Amino acid sequence: MESTEYAVIGAGLAGASTAWHLAARGHEVAVLERSTPANDAGSSHGSARIFRYAYPDQFYTRLVQRSEDGWAELARLGGRQLITTTGSVDYGAERQPAALAAVLEACGVEHELIGADEARSRWPQVAFDTDVLWHPGAGVIDAQETVMAMVRAAADHGARLETGWAAGSVARDGSAFVIAAEDGRTLRASRVVVAAGAWLPRLLGALPLPQAFLASMPRLEVRQEQAYHFPYADAPAEVASAWPTFIHMRGRWTAYGLPGGRDAGFRGQKIAEFNGGKVLPSAADQDGLIDPENRRRVVEYVRECLPGLVPEPYAETTCLFTNTPTEDFIIDSAEGITVVSPCSGHGAKFAPVIGELAADLASGAGGVPAQFRVAR
């Protein structure tokens, strides 16, 4: 039976980042990925994720700031930028732009609070309904390229990647663990990091974690989200650079949008209803089907609120969100197993620092914020 010091289950953004940080510190690491890194069945695929600083409290804004060095290091290692700067606008009464502006002010993040009329004159492609928070440092993350950059960085430090390796169970073996794949292969590891994304709910019961730890785990809700690409009403080459990312909240409806990237040929904006998809037991239950009612809602939203787009999607896709009730991440350890779930649809921007925190906790080199611990 092969062995390793650390086994990292999952090669999405969280797992790849953790493997990178562990390997860079000189640890022996094996990454076990059930398919391939950043595959379409997970939550880390594609070229378009929002990078932003605006949060309703300083904790996450400062965590984004902490991630900046990691993003710069990844860009240096990979020889290319992974974040395209577009700026971002936040608006809608429930989004509370003034409160967000106060957080950015306290954290020293460049921003501007703009009236609706002025905002409409700057961005006539958007029908703003309230004051608008603008922060120019936001942008779009290429998630797939980020995963691949971290996997390469981990490999450069000696980590090995096992693809097609679907972990089915983890069992204690003395002071170590034996991980069994669904096809019967096994691997012995001194410590285990589980970064399985939307597969985590199904895998939790197959982990030798203390009952008290499992009982304290927040409820994980997996949603099959749906996103649609709408073409620009004007020529894409002239228009694409003028579109910021956005989050718009009104009543119980939250919409977000961003330039669609290469996933849909750079022809338009990626628009979605936040947490508008159906709830699944785990990633194993996804079907990749679009809900016609969700499509109708988003098309109507585009027709009403985004005059700069043609309200007819030319492409559509599904993606998995793994939500906690508070939308906080989970990074915690118990008896040699570290569970990492930066989830709730907003984890991508933190990828470098999530791996750093997970590596600290798994190796005993440091702790993590109490907000991420299971027994908080």
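**Exercise 1. Two loop residues with positive phi**

Task: Decide whether A38 is buried, partly exposed or exposed, and do the same for E327.

Solution:
- Step 1. A38 has a relative accessible area of 8%, so A38 is buried (buried means under 20% relative accessible area, exposed over 50%, partly exposed in between, with a 1.4 Å probe and protein chains only).
- Step 2. E327 is at 34% relative accessibility, so E327 counts as partly exposed.
- Step 3. Now find them in the chain of this predicted model, in which local features need pLDDT of at least 70, side-chain atom pairs count only at pLDDT 80 or more, and totals for chains, interfaces and linings use all residues. Residues are numbered from 1 along each chain as its sequence is written, and side-chain values use heavy atoms, with hydrogens and water left out.
- Step 4. A38 sits in the loop between β2 and β3, while E327 sits in the loop between β18 (315-323) and β19. Helices (H or I, at least four residues) and strands (E, at least two) are DSSP runs, numbered from the N terminus.
- Step 5. Look at the backbone: phi is near 60 degrees in A38 and near 65 degrees in E327. Most residues other than glycine have a negative phi. A38 has a positive value although it is a residue other than glycine, and E327 also has a positive value as a residue other than glycine.

**Exercise 2. A glycine in the loop**

Task: Find which residues G46 is in contact with, leaving aside its neighbours within four places in sequence.

Solution:
- Step 1. G46 lies in the loop between β2 and β3 (49-51).
- Step 2. With a relative accessible area of 7%, G46 is buried.
- Step 3. Beyond those neighbours, G46 is in contact with D142, A143, Q144 and D263 (contact means heavy atoms within 4.5 Å).
- Step 4. Set against these a residue on another part of the chain: G46 and S363 are 317 residues apart in sequence and 31 Å apart in space, C-alpha to C-alpha.

**Exercise 3. The largest nonpolar core**

Task: Work out how many residues the largest nonpolar core has and which element gives the most to this core.

Solution:
- Step 1. Know what to look for: a nonpolar core is a set of buried Ala, Val, Leu, Ile, Met, Phe, Trp, Tyr and Cys residues joined through side-chain atoms within 4.5 Å.
- Step 2. The largest such core has 57 residues, and V29, W71, I331, V340, F350 and F372 have the most contacts inside it.
- Step 3. Elements giving two or more residues to this core include β1 (3-9), α1 (13-24), α2 (58-78) and α10 (351-363).
- Step 4. Of the elements, α10 gives the most, with eight residues.
- Step 5. Zoom in on V340: apart from neighbours within four places in sequence, V340 is in contact with A14, V193, V194, A195, I330, I331, I354 and A358.
- Step 6. There is also a second, separate core of 34 residues, with A30, F177, L204 and L280 among them.

**Exercise 4. Two packed helices**

Task: Describe how α2 and α5 pack, using angle and distance.

Solution:
- Step 1. The angle is about 75 degrees and the axes are 10 Å apart (axes are lines fitted to C-alpha atoms, for helices over the stretch in contact, and angles run from 0 to 180 degrees between N-to-C directions).
- Step 2. α2 and α5 are therefore roughly perpendicular (angles under 35 degrees count as roughly parallel, over 145 as roughly antiparallel, 65 to 115 as roughly perpendicular and the rest as oblique).
- Step 3. At the contact, W71, L74 and L77 of α2 meet T146, A149, M150 and A153 of α5.

**Exercise 5. Buried side chains with polar partners**

Task: Find which side chain forms a polar contact with that of D332 at 2.6 Å, and which joins that of Q269 at 2.9 Å.

Solution:
- Step 1. D332 belongs to strand β19 (residues 330-334), and at 4% relative accessibility D332 counts as buried.
- Step 2. Its side-chain partner is R373, at 2.6 Å (a polar contact is a pair of N or O atoms within 3.5 Å; within protein, one must be able to donate a hydrogen and the other to accept it, and residues adjacent in sequence count only if both atoms are side-chain atoms).
- Step 3. The side chain of D332 also reaches the backbone nitrogen of V374 at 2.6 Å.
- Step 4. Q269 is found in strand β16 (residues 268-273) and counts as buried at 0% relative accessibility.
- Step 5. The side chain of Q269 is joined to that of Y232 by a polar contact of 2.9 Å.
- Step 6. H229, in strand β13 (residues 221-231), is buried at 4% relative accessibility. Leaving aside neighbours within four places in sequence, H229 is in contact with Q269, K270 and Y314, among others.
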